[in-house]
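Trainee: Could you take one part of this model, the surface around one of the helices, and go through it closely? Please follow it outward to whatever it connects with, and give the reasoning at each step.

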Amino acid sequence: MTGTTGQVGGALCGPLANLGEVISVNRTQLDLSRPETIADSLDQLKPDLVVNPAAYTAVDRAENERSLAFRVNAEAPWAIDVWAARYNVPLIQFSTDYMFDGSGERPWCEDDVPAPLSTYGESKLVKPPSVLPTVSI
Ligand SMILES: NC(=O)c1ccc[n+]([C@@H]2O[C@H](COP(=O)([O-])OP(=O)(O)OC[C@H]3O[C@@H](n4cnc5c(N)ncnc54)[C@H](OP(=O)(O)O)[C@@H]3O)[C@@H](O)[C@H]2O)c1
């Protein structure tokens with residue numbers, strides 16, 4: 001699992017440890033800002049399941065770091081997805097309400113039309129190639 005120093009990854013560590021061995025992977029071992037290195041890193045780590053809450057989450061700073069935001073939030077998950085599909089390894093990836101424009105009164109659904117208002121939202125919108133079913137949690 002990536003992103004275990006973050007809010008979501010940190011919260012998942014305990015519950016997932018009840019289900020099996022959780023290997024916490026930091027940015028030295030799997031650097032999402034370098035998508036071209038992802039396949040080699042995963043070849044070494046050989047996970048049975050990839051849980052990827054790591055992300056570029058600096059919403060305001062992303063306006064000035066668009067390339068980095070897209071590498072971490074779009075290209076790296078894409079590379080993980082390609083690797084995971086090749087080895088039939090499940091991937092759990094996290095989305096965000098920043099994909100939507102904030103209008104309306106009800107909670108967002110996966111089928112709602114995305115309309116990101118920020119670079120961060122745009123970077124999180126890019127779909128990986130093997131689009132798996134989404135689940136609400
Ligand atoms: N928290 C929420 O309420 C919330 C709500 C909706 C959606 N989400 C989604 O949930 C996911 C996690 O959000 P979060 O709030 O947990 O984020 P966060 O607290 O900012 O944590 C981000 C994590 O990503 C890691 N990371 C950043 N850049 C990296 C890189 N280049 N390579 C490897 N790891 C890197 C960070 O590691 P370092 O410690 O090394 O920086 C950190 O562990 C995101 O996809 C976000 O869109 C979160």
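Mentor: A patch here is made of residues with over 30% relative accessible area and no salt bridge, and nonpolar side chains are joined into it within 5 Å. The model is predicted, and what follows is computed from it.

Trp78, Val82 and Val126 form a nonpolar patch of this kind on the surface. Together the three have about 230 Å² of accessible area. Val82 is the member to start from, since its place is in helix H3, which covers residues 66-86. The relative accessible area of Val82 is 35%, so this valine passes the 30% cut-off for a patch. The same value makes Val82 partly exposed, because that class lies between 20% and 50%.

From the patch, go to another residue of the same helix. Arg66 also lies in H3. Its relative accessible area is 39%, which makes Arg66 partly exposed. Leaving aside residues up to four places away in sequence, Arg66 touches Thr119 and Glu122. The C-alpha atoms of Arg66 and Tyr120 are 8.0 Å apart in space, although 54 residues separate them in sequence.

Of the two contacts, the one with Glu122 is also a salt bridge: the closest N and O atoms of Arg66 and Glu122 are 2.8 Å apart. Glu122 belongs to helix H4 (residues 119-125) while Arg66 belongs to H3, so the pair ties together parts that are 56 residues apart in sequence. Glu122 is partly exposed, at 32% relative accessible area. As background, side chains of opposite charge can pair when their charged atoms come close.

How many salt bridges does a search of the whole structure find? There are four, and the Arg66 pair with Glu122 is one of them. Another joins Glu65 to Arg61, with 3.4 Å between the closest N and O atoms. Within that pair the exposure is not equal: Glu65 is partly exposed at 28%, whereas Arg61 is exposed at 51%. Arg61 is classed as exposed because its value is over 50%. A further salt bridge is formed by the side chains of Arg34 and Glu36, at 4.0 Å from N to O. Here Arg34 is partly exposed, with 43% relative accessible area, and Glu36 is exposed, with 60%.

H3 has a further role in this account, as cover for another helix. In helix H2 (residues 38-45), Ile38, Ser41 and Leu42 are buried. These residues span an arc of only 95 degrees around the axis, which puts them on the same side of H2. What covers the buried residues of H2 includes H3. On the other side of H2, Asp40 and Gln44 are exposed. H2 therefore has a buried side and an exposed side.

Now consider what comes after each of these two helices. Most residues other than glycine have a negative phi. Lys46, which follows H2, has a positive phi near 50 degrees. This lysine lies in the loop between H2 and strand S1 (50-52), and Lys46 is exposed, with a relative accessible area of 61%. Asn88 is another residue with a positive phi: the angle is about 55 degrees, although Asn88 is not a glycine. The place of Asn88 is in the loop between H3 and strand S2 (91-93). Asn88 is exposed as well, at 71% relative accessibility.

One last check concerns the cysteines. A disulfide requires a pair of cysteine sulfur atoms within 2.5 Å, and the count by this rule comes to zero. Cys13 is partly exposed, with a relative accessible area of 26%, and Cys109 is partly exposed too, at 39%.

To return to H3: this helix holds Val82 of the nonpolar patch, and H3 also holds Arg66, the partner of Glu122 in H4. H3 is also part of the cover over the buried residues of H2.

Terms used: Residues are numbered from 1 along each chain as its sequence is written. This is a predicted model: local features need pLDDT of at least 70, side-chain atom pairs count only at pLDDT 80 or more; totals for chains, interfaces and linings use all residues. Side-chain values use heavy atoms; hydrogens and water are left out. Buried means under 20% relative accessible area, exposed over 50%, partly exposed in between (1.4 Å probe, protein chains only). Patches are made of residues with over 30% relative accessible area and no salt bridge: like charges are joined within 9 Å, nonpolar side chains (Val, Leu, Ile, Met, Phe, Trp, Tyr) within 5 Å. Accessible areas come from the Shrake-Rupley method with a 1.4 Å probe; for residues, only the protein chains shown count as cover. Helices (H or I, at least four residues) and strands (E, at least two) are DSSP runs, numbered from the N terminus. The arc is that of the directions from the helix axis to the C-beta atoms. Contact means heavy atoms within 4.5 Å.
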